[in-house]
Every structure is written in C-alpha cells, then in structure tokens.
Amino acid sequence: MCMRQLKTSEQSRKVYPPNVELVITQSPLGTLDTGDEVTLTCKVSGGNPLAELNWDCGDGIKNNTSGNTSSYSVRFQVNKSNNGKQCNCAATHPVPTYRPTKQHILIVYYPPSLPSLTINPDLPLFEGNSTNLTCHVTDAGNPQSHFTWTWNDTMLHTSMQSILEIGLVAKMIMAQLSLVV
C-alpha cells in the first residue's frame, strides 16, 4: 500500500504539457452586428500542471479551471472597428517548448455612412443637356452597400457603384428621383 501511494505521488510531480490543440468558441455564433456583445472562450485539456491561457483582446471575465481543462473567456461589445480583427489566445506552461497560440477573426456587420449627393454639372439642369448624379459614402458598410436609383417608383439602376448617368434631360412634370443605399 505504501508503494502504491509513492507511485501516485511521483506521477503528480511529473511535468508535461497538454497534448491537444487550443479550442476557441464564440458566442453568439457567426457574424455579429455592431453593438452586439460577444464572448470568446479558449480551452485546452490535459497537462500537469494545467496550462495558463491569455487573450490579447477584450476584457477577461473568467479564468476557469475545471478538472483537467483550462478555460479563459473574454467579453466585449463590438463595433465597426472590430470587423476583421484578429483575437489571439496564447497558452503558457512550465515546459518552455509549449507556447501554442490560436487566432479567431471577428466579422462585424455595420451600416454605411450617411450618403451625400452631387450633380455634375450643377443645378439648374437644362433641357437637352446630360448630367451625372453621384452618391458618395465615406464607408460603404459591411456587407458593402448597394445603390438603387428609382424614378417615379420605377427602378432605373442598382449596383455597388454610386453613379447614375442621365442622358439628355427632357422636360419632366412632377418627376421624383430617389436613391436607397
């Protein structure tokens, strides 16, 4: 019996790293909308002692150890500057060769900036002349905006480009041109 306890004690003193990869989960899953709260959790199982985990983004909310699993979560509110952001989870362990990292890239949807409209040549428009209408946004949003031009509720043009070229201007009575971005 004493021999058995000695073996168990010797095993608990052995130092070895986890033999599995880091696992990252995101909640909620998938794409995020600006203003959403996101929680990223990094986990790794095994090793003696357990590995320590750290994130390079967000605010740490829970560094949790349960059984033979290390877990560390961060939670933060996303905005358009987080779109495409790479968050990295890194593990450290007393075994100096064990330094894995895993990345997670955020995808954040956000609306376009407010549009501005220019007319070239400038107003007034004269019958028989042609003109270009240009809608300009400084940020097309994510996903990128589509521009839909309508004339008296009839769609003229829709695309990811913001220029509508009007040929020769004719007399129009009560015509309404609109743009939806």
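Me: What percentage of the 181 residues of the protein chain count as buried?
Reply: The structure is a predicted model, and burial here means a relative accessible area under 20%. Of the 181 residues of the protein chain, the share that counts as buried is 29%.

Me: How many strands does the secondary structure of the protein chain come to?
Reply: The protein chain exposes about 12100 Å², of which carbon and sulfur atoms supply 53%. Among its contacts with a separation of 6 or more, 57% are between residues 24 or more positions apart. Its secondary structure consists of 1 helix together with a number of strands, and that number is 15.

Me: Which strand gives the most residues to the largest nonpolar core?
Reply: In soluble globular proteins, nonpolar side chains tend to be buried together. The largest nonpolar core in this model has 21 residues, and those with the most contacts inside it are L22, L40, L53, W55, F76 and L106. At least two residues each come from strand 3 (37-45), strand 4 (52-55), strand 6 (69-77) and strand 7 (86-92). The strand that gives the most, with 4 residues, is strand 3.

Me: Which cysteine is in contact with L106?
Reply: L106 is one of the residues with the most contacts inside the largest nonpolar core. Leaving aside neighbours within four places in sequence, L106 is in contact with L32, L40, F76 and V78, and also with Q26, N82, N83, G84 and K85. The list of contacts is completed by a cysteine, C87.

Me: How many residues are in the other core, the one with W149 among them?
Reply: This other core lies apart from the largest nonpolar core, and L133, C135, V137 and W149 are among its residues. Its number of residues is 5.

Me: Which residue in strand 13 stands opposite W149?
Reply: Strand 12 (residues 147-151) and strand 13 (residues 154-159) pair in the antiparallel sense over 5 bridges. The hairpin of these strands has 2 residues between them, and N152 takes a positive phi near 50° there. Across the pairing, the residue in strand 13 that stands opposite W149 is H157.

Me: Why is one side of strand 4 and of strand 8 left without a neighbour in the sheet?
Reply: The open sheet has 3 strands in the order 4-7-8, with antiparallel pairing, and its neighbouring strands are turned by 20° against each other on average, direction ignored. Strand 4 and strand 8 (101-105) are left without a neighbour on one side because each stands at an edge with a single partner strand.

Me: Which residue in strand 7 stands opposite W55?
Reply: Strand 4 and strand 7 run antiparallel and are joined by 4 bridges. W55 is also one of the residues with the most contacts inside the largest nonpolar core. The residue that stands opposite W55 in strand 7 is C89.

Me: How many residues apart in sequence are the parts that C42 and C89 tie together?
Reply: The structure holds 2 disulfides, and one joins C42 to C89 with an S to S distance of 2.1 Å. The link of C42 and C89 is left-handed, with -85° about the S-S bond. Because C42 lies in strand 3 and C89 in strand 7, the separation in sequence of the parts tied together is 47 residues.

Me: Is C57 buried or exposed?
Reply: C57 and C87 form a disulfide with their sulfur atoms 2.1 Å apart, and this link is right-handed, with 125° about the S-S bond. C57 lies in the loop between strand 4 and strand 5 (59-66) and C87 in strand 7, so the pair ties together parts that are 30 residues apart in sequence. Since the cut-off for burial is under 20% and C57 has a relative accessible area of 4%, C57 is buried.

Me: What pattern do the disulfides of the protein chain follow?
Reply: One disulfide joins C42 to C89, and C57 and C87 form another. With bonded cysteines counted along the chain, the pattern is 1-4, 2-3.

Me: At what relative accessibility does H93 count as buried?
Reply: H93 has its place in the loop between strand 7 and strand 8. Not counting residues up to four places away in sequence, H93 touches residues including V15, Y16, P17, P18, L50 and Y98. H93 counts as buried because the cut-off is under 20% and its relative accessibility is 4%.

Terms used
Residues numbered from 1 in each chain as written. Predicted model: local features only at pLDDT ≥ 70, side-chain atom pairs only at ≥ 80, totals over all residues. Heavy atoms only, no water. Core = buried A, V, L, I, M, F, W, Y, C linked by side-chain atoms within 4.5 Å. Buried < 20%, exposed > 50% of the residue type's maximum accessible area, 1.4 Å probe, protein only. Contact = heavy atoms within 4.5 Å. Pairing = 2+ DSSP bridges. Axes fitted to C-alpha atoms, helices over the stretch in contact; angles between N-to-C directions. Areas by Shrake-Rupley, 256 points an atom, 1.4 Å probe, with all protein chains shown as cover. Disulfide = S-S within 2.5 Å.
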